[in-house]
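Hello,

Here is the structure I promised to pass on. Please look it over first; my notes follow below.

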Amino acid sequence: MAIGIASSPDGRRRLAQLLGGSEAFLIVSTPDQARQFLDVVAPPGGSPPEGLRVDSDRRVLCWHDQEVALTPLEHDFLRCLVAAPGRVWTYEKLHLEVWGNEHVGRGSDIHSTVRRVRAKLARLGAAATIHAIRGVGIRFTA
């Protein structure tokens, strides 16, 4: 995804012409608008909340002294997200890392996995959530 920033309508039109060959692009007037679109409130690279971990040996999600079993798909999905809290994972990158291919389709497989993992996080009462960034991807935050 390409993001273009131009303060004038004429500049935005020129950017649209330049980026027209891109698969997905966003043109905004200010850097703050771009940040708002991406819903970036903290720079990526933080750490998971204290007490939250993915146990890959047993394929479980642990929150302090509680745990819940994960399917292989949920495990791989969470492992990516928890490893880089705050990072916006594009749908394409997640699909490649978790499913092993570049096919995204309508994204229903990703959204289904997000729904199940969110429910498991809520069941544990974990202080973390998964945000969908419309048209871009997924972000894990504490």
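Asp76 is partly exposed, with a relative accessible area of 24% (buried means under 20%, exposed over 50%, partly exposed in between; 1.4 Å probe, protein chains only). Its side chain meets that of Arg79 in a salt bridge, 3.8 Å from N to O. A salt bridge here is a side-chain nitrogen of Lys or Arg within 4 Å of a carboxyl oxygen of Asp or Glu. Arg79 is partly exposed too, at 40%. The two are 3 residues apart in helix 3, so about one helical turn separates them.

This is a predicted model: local features need pLDDT of at least 70, side-chain atom pairs count only at pLDDT 80 or more, and totals for chains, interfaces and linings use all residues. Residues are numbered from 1 along each chain as its sequence is written, and side-chain values use heavy atoms, without hydrogens and water.

The structure holds 8 salt bridges. One of them joins Asp55 and Arg53 at 3.7 Å, N to O. Asp55 is buried, at 12%. Arg53 is partly exposed, at 45%.

Now the sheet. It is open, with 3 strands in the order 3-4-5 and antiparallel pairing. Strands pair if DSSP finds at least two bridges between them. Helices (H or I, at least four residues) and strands (E, at least two) are DSSP runs, numbered from the N terminus. Strand 3 (52–55) and strand 5 (66–69) are the edges; each has a single partner strand, so one side of each lacks a neighbour in the sheet. Strand 4 (residues 60–63) is joined to strand 5 by 4 bridges. Val60 has Ala69 of strand 5 as its bridge partner.

Best wishes
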